[in-house]
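Student: I'd like to learn how to read a structure like this one. Could you walk me through a few features?

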Amino acid sequence: MYRIKDDKRCQKSARMIKDGLIACLKKKKMNEVTVSDIATASKVSRATFYRLFDTPVDVLGLICEEFSSAFSKEFMLVKDSPQDEVSYRFLSFWMDNASIIEAVMRSGRHDIMQDAFQDKNISFLPSWAEGEFSVAEEAYVNASSIAILSSILLVWIKYGKKETPEQLFDLFRRISSR
């Protein structure tokens, strides 16, 4: 859990801690990163860390939430586009921010990235399907789309990030159509 207030000092400390975690993840796996490591890398005290976060994984969760919020803003630009465009934008956005996915992958907490998107108002339903599904059914469609897209990205990183967004999107479309 994290507790980030709106005051500038708190925001700055949180930003420094996030940057510190990302720096630590370049040297260690997430499960090896300690609060002391983050405090040293971010140049904040352990007390400041604990004032804002409970664990290093909470920092990663905040980073994922911020990225999902940024994608949500981008999504608003394409929300009336075909489902293919939304899915393609999702993959492209995260591929451009691969370091976050790599951190999630190393943490063994793939659920963090998926959870960050579950609360956003992003629909992977094609426009023709509006009104065809109940609210619960739409939630199932969105959850499965997010899980598939997230998993594709994790495998993309595992195998060296060789494919383009177009190639991954084609894979997603083939998986989704089966």
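Tutor: Let's start with Ser42, which lies in helix 2, residues 35-42. Keep in mind that this is a predicted model.

Student: Is Ser42 buried or exposed?

Tutor: Buried means under 20% relative accessible area. Ser42 has 6%, so Ser42 is buried.

Student: What does Ser42 touch, leaving out residues up to four places away in sequence?

Tutor: Met16, Ile17 and Gly20. Closer along the chain, the Ser42 side chain also reaches the backbone oxygen of Ala39, at 3.5 Å.

Student: Okay, now Arg46. Where does Arg46 lie?

Tutor: In helix 3, which covers residues 46-52. With a relative accessibility of 42%, Arg46 counts as partly exposed.

Student: Which residues does Arg46 touch, again skipping those up to four places away?

Tutor: Val35, Ser36 and Ala39. Take Ser36: 10 residues separate it from Arg46 in sequence, yet their C-alpha atoms are 6.6 Å apart in space. Their side chains are joined by a polar contact of 2.9 Å.

Student: And how do I read two helices packed together?

Tutor: You describe the pair by the angle between their axes and the distance between those axes. Try helix 6 (residues 98-107) and helix 8 (residues 135-158): their axes come within 10 Å and cross at roughly 90°. The two helices are therefore roughly perpendicular to each other.

Student: Which residues meet there?

Tutor: From helix 6, Ala98, Ile101, Glu102 and Met105; from helix 8, Leu153, Leu154, Trp156, Ile157 and Lys158. Sorted by class, that contact has seven nonpolar residues, two charged ones and no polar ones.

Definitions and conventions. Residues are numbered from 1 along each chain as its sequence is written. This is a predicted model: local features need pLDDT of at least 70, side-chain atom pairs count only at pLDDT 80 or more; totals for chains, interfaces and linings use all residues. Side-chain values use heavy atoms; hydrogens and water are left out. Helices (H or I, at least four residues) and strands (E, at least two) are DSSP runs, numbered from the N terminus. Buried means under 20% relative accessible area, exposed over 50%, partly exposed in between (1.4 Å probe, protein chains only). Contact means heavy atoms within 4.5 Å. A polar contact is a pair of N or O atoms within 3.5 Å; within protein, one must be able to donate a hydrogen and the other to accept it, and residues adjacent in sequence count only if both atoms are side-chain atoms. Axes are lines fitted to C-alpha atoms, for helices over the stretch in contact, and angles run from 0 to 180 degrees between N-to-C directions. Angles under 35 degrees count as roughly parallel, over 145 as roughly antiparallel, 65 to 115 as roughly perpendicular and the rest as oblique. Ala, Val, Leu, Ile, Met, Phe, Trp, Tyr, Cys and Pro count as nonpolar, Asp, Glu, Lys and Arg as charged, and the others, Gly among them, as polar.
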